[in-house]
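Open the model in a viewer and keep the sequence panel beside it. The tour goes from one selection to the next.

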Amino acid sequence: MDADINFYFDPVCPFAWMTSKWVRQVQAQRDYTVDWRFISLRLINSNVDYDAHFPPEYEAGHTAGLRLLRVAARARAEHGRESIARLYEAFGIHIFDTAPDPAEQRTEGEIRERRGTREFVEPILADAGLPLVLAEALDDESWDREIRQETDEALALTGKDVGTPIIHFEPPAGVAFFGPVISRLPDEDSAPELWDHVVGLARFPGFAELKRSLREQPQLAAFGVNADAVGRQEDWHGGSRRQKK
């Protein structure tokens with residue numbers, strides 16, 4: 001597929017979801033195309049000791065992300081690349097744009113683990129207009145080779161000290177970057193302005209990086225941060241919540 005950008009996402013990454021919402025805003029105003037591709041945080045960290053390096057709930061969350069990407073890989077194989085736009089949108093709405101149920105008695109780790117179950121994914125498939133049988137891919141490791149290949153493809157474009165999302169501008173010759181990482185969604189007027197600035201940097205062949213590890217919690221219902229609020233600031237070490245290298 002020839003697209004104006006390739007957008008590599010893991011469905012459990014909140015910052016990838018925020019950036020994708022902004023990309024969709026601009027898509028609605030500009031005539032360009034997106035190919036939604038896969039990158040797995042679980043596969044990126046396959047050789048990492050999660051207990052030693054991450055907060056305790058992260059392994060369950062990243063594993064759920066890989067399981068959801070298996071479903072997405074099967075959807076793409078059976079229903080075409082265009083199915084991924086609406087499936088990723090349905091993932092994001094259920095995971096991040098839905099406020100937690102205050103009566104739910106699950107721990108954060110249990111909430112994240114549940115995202116990799118049929119109970120969780122079948123309503124998402126229904127919302128995306130896709131058959132529920134695709135949920136069988138959750139446990140099908142045969143899709144991991146394709147997901148790994150696409151993850152490696154993304155990292156080959158940027159280098160390995162990155163997170164998600166990765167955007168490849170004007171492929172195949174254009175430059176790819178991790179980010180932009182945003183915690184607030186621009187309004188309809190400023191969204192394309194921000195886009196033009198980012199594309200301007202990407203088109204300069206000598207540009208490599210702007211970096212700031214301090215981040216606000218994103219304006220997402222899952223974090224309890226409303227669109228008119230500012231999330232708590234956190235320091236993301238090396239572009240992730242890894243607590244040490």
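**Start inside a helix**

Select T151, which has its place in helix α8 (residues 144–158). This is a predicted model. T151 has a relative accessible area of 0% and counts as buried. Now show what surrounds T151: leaving aside residues up to four places away in sequence, T151 touches F38, I39, S40 and I44. One of these, F38, is also the last residue of strand β2 (residues 34–38), which leads to the next stop.

**Strand β1 and its partners**

From β2, move to strand β1, which pairs with β2 in the parallel sense over 5 bridges. To see one position of this pairing, select Y8 and R37: R37 in β2 stands opposite Y8.

Select residues 5–9 to show β1 alone. Is this strand enclosed or not by the rest of the structure? 5 of its 5 residues are buried, so β1 is largely enclosed. Colour the side chains by face: I5, F7 and F9 lie on one side, N6 and Y8 on the other, and all of them are buried. Both faces of β1 are therefore covered.

Keep Y8 selected and add strand β3 (residues 166–169). The pairing of β1 with β3 is antiparallel and has 4 bridges. Within β3, I166 is the bridge partner of Y8. Y8 thus has R37 opposite it in β2 and I166 as its partner in β3.

**Strand β3 and the hairpin**

Stay on β3 and look at its side chains. I166 and H168 point one way, I167 and F169 point the other way, and all are buried.

Next, add strand β4 (residues 176–178), which runs antiparallel to β3 and is joined to it by 3 bridges. Select I167 and F177 for one position here: F177 in β4 stands opposite I167. Between the strands of this hairpin there are 6 residues. Select E170, which takes a positive phi near 50° in the hairpin.

**Zoom out**

Clear the selection and show the whole chain, which has 9 helices and 6 strands. Its radius of gyration is 17 Å, close to the 18 Å that the globule rule gives for 245 residues, so the chain is as compact as a globular protein of that length. Along the principal axes, the C-alpha trace spans about 45 × 40 × 35 Å.

Colour by burial: buried residues make up 49% of the 245 residues. Of the contacts with a separation of 6 or more, 72% are between residues 24 or more positions apart.

Finally, turn on the surface. The accessible surface is about 12100 Å², and 48% of that belongs to carbon and sulfur atoms. Colour the charges: the mean positions of the 29 positive and 42 negative charges are 4 Å apart.

How values were computed. Residues numbered from 1 in each chain as written. Predicted model: local features only at pLDDT ≥ 70, side-chain atom pairs only at ≥ 80, totals over all residues. Heavy atoms only, no water. Helix = DSSP H or I, 4+ residues; strand = E, 2+ residues; numbered from the N terminus. Rg over C-alpha atoms; globule rule 2.2 N^0.38 Å. Buried < 20%, exposed > 50% of the residue type's maximum accessible area, 1.4 Å probe, protein only. Contact = heavy atoms within 4.5 Å. Areas by Shrake-Rupley, 256 points an atom, 1.4 Å probe, with all protein chains shown as cover. Lys, Arg positive; Asp, Glu negative; His and termini not counted. Charge placed at Lys NZ, Arg CZ, Asp CG, Glu CD. Pairing = 2+ DSSP bridges.
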